[in-house]
Amino acid sequence: MEYLAYIPSPSRGVINLGPIPLRGYAFCIIIGVFVAVWLGNRRWIARGGRAGTVADIAVWAVPFGLVGGRLYHVITDYELYFSEGRDWVDAFKVWQGGLGIWGAIALGAVGAWIGCRRRGIPLPAYADAIAPGIAFAQAIGRWGNWFNQELYGRETHVPWALHITSSEGGRVPGYYHPTFLYESLWCVGVGFLVIWAGRRFKLGHGRAFALYVAAYCVGRGWIEYMRVDDAHHVLGLRLNDWTAMIVFLLAVLYLVLSAKKRPGLEAVVEPDAPDGETEADAATEEAGEAGAGESAEPTGSTDTAEAEEAPETESAKEEDEAEDGAEDGAKDEAGSAAKKS
């Protein structure tokens, strides 16, 4: 059957720049991390935090997240690395794909907690700041699966079908649902949802992050159901479907309880005031001191004027008394002259 439209797959997912291999999967992960840190930094500053704090904590969170994501993938798909005929060394080849978002978020949160604790910052506030950035990072990172020709669904004839050409790893060339694209678009929507809801409902104390988790789980549930790659099943459902449902319920429970216990936003997200606020406060204090000095100067000049006027008043009194005495003397002399006459 001829397809009039479809999404082509790249002929290869790596470009060799001399002895250095440049892998599309790694590039997508790196770009996603950069976007998450950049957006998280802007949101953190808007909440009253210092510039650079998000990046400093990300130094802890990102490595932990990568390790956690790889561990989750290797543990849940252990047969790909430890069954007969497999090489266990492949478990360390992250560039070939295979990062479980559940493990990445879980262990990444541990790394973020360490970084926040070292700086005296509440983890929920930090999580709220980076939540939409994580969603956008996932959206970008899913394109790494496109470079590796992985993460696709059932066969389809839709115009946006993904054309798989590789036969490695048990793949069957054909046209499939591009579930990597579905999840990428869903994550973009989740990111914008968290930004809007955070402003509209003032989601603080970790609720913005909980909303991101709950919304992602909803999308991951139906997208996971479309996938055809090998996976463990429990009661007829893929393991990731069960994980999505459990995590969704926990996120919703946290949203409800947190809203009742600590409504609104945190008053302070970072103990030390940002540099911008400190300089503004200093400027305000200087202005106040200058105003106080100006108001004090008239008072001093008034006192001086009064002090200068005081001697003049006393001199005037002395002159008046002298004039009164002269007048009395003149009257006495006049009276004496009249008697003599």
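Of the 37 residues that form the largest nonpolar core in this predicted model, the ones that touch the most other members are Trp44, Trp102, Tyr126, Val194, Phe209 and Tyr212. A nonpolar core is here a set of buried Ala, Val, Leu, Ile, Met, Phe, Trp, Tyr and Cys residues joined through side-chain atoms within 4.5 Å, where buried means under 20% relative accessible area, exposed over 50% and partly exposed in between, with a 1.4 Å probe and protein chains only. Two or more residues of this core come from each of H2, H4, helix H5 (123-141), helix H7 (179-201), helix H8 (207-226) and helix H9 (239-261); helices (H or I, at least four residues) and strands (E, at least two) are DSSP runs, numbered from the N terminus. Apart from this core lies another one, of nine residues, including Leu151, Tyr152, Leu162 and Tyr176.

The model is predicted, so that local features need pLDDT of at least 70 and side-chain atom pairs count only at pLDDT 80 or more, while totals for chains, interfaces and linings use all residues. Residues are numbered from 1 along each chain as its sequence is written, and side-chain values use heavy atoms, with hydrogens and water left out.

For the protein as a whole, there are ten helices and six strands, and buried residues make up 37% of its 341 residues. Of the contacts with a separation of 6 or more, 72% are between residues 24 or more positions apart, contact meaning heavy atoms within 4.5 Å.

Trp102 gives a local view of the largest core: not counting residues up to four places away in sequence, Trp102 touches Tyr72, Tyr216, Cys217, Arg220, Asn240, Thr243, Ala244 and Val247.

The helix packing comes next. Two packed helices are described by the angle between their axes and the distance between the axes. The axes are lines fitted to C-alpha atoms, for helices over the stretch in contact, and the angles run from 0 to 180 degrees between N-to-C directions. Helix H2 (residues 53-76) and helix H4 (residues 101-119) have axes that come within 6 Å and cross at roughly 150 degrees. H2 and H4 are therefore roughly antiparallel to each other, given that angles under 35 degrees count as roughly parallel, over 145 as roughly antiparallel, 65 to 115 as roughly perpendicular and the rest as oblique. The crossing of H2 and H4 is right-handed; a crossing is left-handed if the near helix is turned anticlockwise from the far one by less than a right angle, and right-handed if clockwise. By class, the contact of H2 with H4 comprises 14 nonpolar, eight polar and three charged residues, with Ala, Val, Leu, Ile, Met, Phe, Trp, Tyr, Cys and Pro counted as nonpolar, Asp, Glu, Lys and Arg as charged, and the others, Gly among them, as polar.

H2 also packs with helix H1 (residues 24-46), at an angle of about 145 degrees and with the axes 10 Å apart, and H1 passes H2 in a right-handed crossing. From H1, Ile29, Val33, Val37, Gly40, Asn41 and Trp44 meet Thr53, Val54, Ala55, Ala58, Val62 and Leu66 of H2, and the residues of this contact divide into nine nonpolar, three polar and no charged.

Further along the chain, H8 and H9 pack at an angle of about 155 degrees, their axes being 8 Å apart, which makes H8 roughly antiparallel to H9. The crossing of H8 and H9 is left-handed, and their contact has 15 nonpolar, three polar and four charged residues.

The region around Leu151, a member of the nine-residue core, can be followed from two residues of H7. Thr179 lies in helix H7 and counts as buried at 0% relative accessibility; leaving aside neighbours within four places in sequence, Thr179 is in contact with Leu151, Tyr152, Gly153, Ile223, Met226 and Arg227. Phe180, likewise in H7, is buried with a relative accessible area of 0%, and its contacts, with neighbours within four places again left aside, are Arg142, Trp143, Asn145, Trp146, Leu151 and Leu162. The C-alpha atoms of Phe180 and Asn145 are separated by 6.7 Å, although these residues are 35 residues apart along the chain.

Leu151 itself is found in the loop between helix H6 (143-147) and strand S3 (162-164), counts as buried at 9% relative accessibility, and has a positive phi of about 60 degrees although it is not a glycine. Lys202, in the loop between H7 and H8, is not a glycine either and has a positive phi of about 50 degrees.
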